[in-house]
Amino acid sequence: MDFEISKEHKLTIEVVRSFAEKEFKPEIARKYDREERFPWEIHRKAAQQGFVRPHWREEYGGQGADFITTVLVVEELCRADSTLGQAIHTAQFGSELINMYGNEEQKRKYLPKIASGEWTSSGAATEPARGSDITMLDTTAQRNGNYYIINGRKTFISNAPISQFAVVLCQTNPQLKHRGQSLIIVERGTPGYETTTLHGKLGIRASETGELIFNNVKVPVENLVGQENQGFYYFLNFLNLGRVEVSAEALGMAQGALERALSYAKERVCFGQKIINFQVWQHRLVDAATQLEAARLLVYRAAYYVDKYRNQPRIPPEVTSMVSMAKIFTTRTAIHVIDEALQVFGGYGYFEEFDIERRYRDIRITDIYEGTTEINRNIVASYLIGK
Ligand SMILES: Cc1cc2nc3c(=O)[nH]c(=O)nc-3n(C[C@H](O)[C@H](O)[C@H](O)COP(=O)(O)OP(=O)(O)OC[C@H]3O[C@@H](n4cnc5c(N)ncnc54)[C@H](O)[C@@H]3O)c2cc1C
């Protein structure tokens, strides 16, 4: 057992930290948040530094690093700024499915452009009537000779308005329910494929969200990812990585909030003394720091095991359960820690000046996307009960 962070990982943290200190200006983050726009320029700079999927192999634009490196990058980006960090991290969503299950040609075509920041992508499972339960889908892909004809609609899709392609979970055989689903790559510009933008999110507003609409979209069979009718299983495996990454987002956002609260508490004077001198605040901040440290151990451990099994056909159920535990604990803890941090700032925390209100809004999604806390509890329960 080794709890030491390696030299390489420490270096990764330092590099991301110095990049974020230079590039993540609060006024820039507020602007993208206000305008609900993706920060292309900063994203491309981050990608040039190798912050997009460092665990991908070098021939696909990665650095051949381990998955823990990716997790540390996500944590550090979100620690520096919740809005910019989350948007930059999420820009590649769905591409991991190609890295995990795509063929050589697909990997060479799509992954380098994602890693370089030139393109962004979407991964689409959720539909208007199907979110937590995707065991049956309304979006269908019917085989017709060398093509699939796709019809349906996906909603709440990250990067929908700006992604060059989407990896779409479709029902290829409705009789087989989840055993009859497949992943198909659909490129922007394909006739019949349209995207919309959904406005008015509570937080993560620099990550653009929208719908994908498929109206008799004709896609060559070469765009099938992996085997036909295996898509549901691929998607569940992929969520193991995604859930650890969302946990890292939450960890970073909360860590950054705690640090800001600590410095504010050392400055703000009430009743003739600094807030930090009130024992109640010392204890509340200690509790927050302790809870985050516990969350960090869960996240790093889950990342370690996911890294170990991610190239195998199936990630073992004990690892999936570990991942869900990490996401449940970390996201709920982070929501609480940011709430505590905001309280330290009093009324100032309620305004945008100290960027705590933005973190307070941004953190909330981590408990919802890539499986709500309730769904993750169901996963752990199945494992514990032995279903
Ligand atoms: C900003 C944003 C970005 C997103 N990005 C993507 C994306 O890129 N790709 C994608 O495919 N999806 C994406 N999603 C969708 C997200 O994953 C879903 O919103 C989420 O899985 C929940 O589905 P739902 O919204 O339909 O809620 P529902 O499934 O309708 O659930 C409603 C409530 O019921 C609870 N519930 C449901 N079933 C159970 C049960 N069995 N036991 C106990 N409680 C239950 C849920 O936990 C939740 O609290 C995104 C969502 C948002 C908001």
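**Ligand surroundings and helix H7**

A backbone N or O atom of Phe156 lies 2.8 Å from a nitrogen atom of the ligand, a polar contact in the sense of a pair of N or O atoms within 3.5 Å. The model is predicted, so that local features need pLDDT of at least 70 and side-chain atom pairs count only at pLDDT 80 or more, whereas totals for chains, interfaces and linings use all residues. Residues are numbered from 1 along each chain as its sequence is written, and side-chain values use heavy atoms, with hydrogens and water left out.

A nitrogen atom of the ligand is also placed 2.7 Å from a side-chain N or O atom of Thr126, and an oxygen atom of the ligand is 2.7 Å from a polar side-chain atom of Thr372. Of the ligand's own 970 Å² of accessible area, the protein covers 64% (Shrake-Rupley method, 1.4 Å probe). Two or more residues of the surrounding shell come from each of S1, strand S3 (147–158) and helix H12 (373–385).

In helix H7 (residues 104–115; helices are DSSP runs of H or I with at least four residues, strands runs of E with at least two), the buried residues are Gln106, Lys107, Tyr110, Leu111, Ile114 and Ala115, buried meaning under 20% relative accessible area with a 1.4 Å probe and protein chains only. Viewed down the axis of H7, these buried residues fall within an arc of 125°, and they therefore line one face of the helix, the arc being that of the directions from the helix axis to the C-beta atoms. After H7 comes Gly117, which has a positive phi near 85°.

Definitions and conventions: Buried means under 20% relative accessible area, exposed over 50%, partly exposed in between (1.4 Å probe, protein chains only). A polar contact is a pair of N or O atoms within 3.5 Å; within protein, one must be able to donate a hydrogen and the other to accept it, and residues adjacent in sequence count only if both atoms are side-chain atoms.
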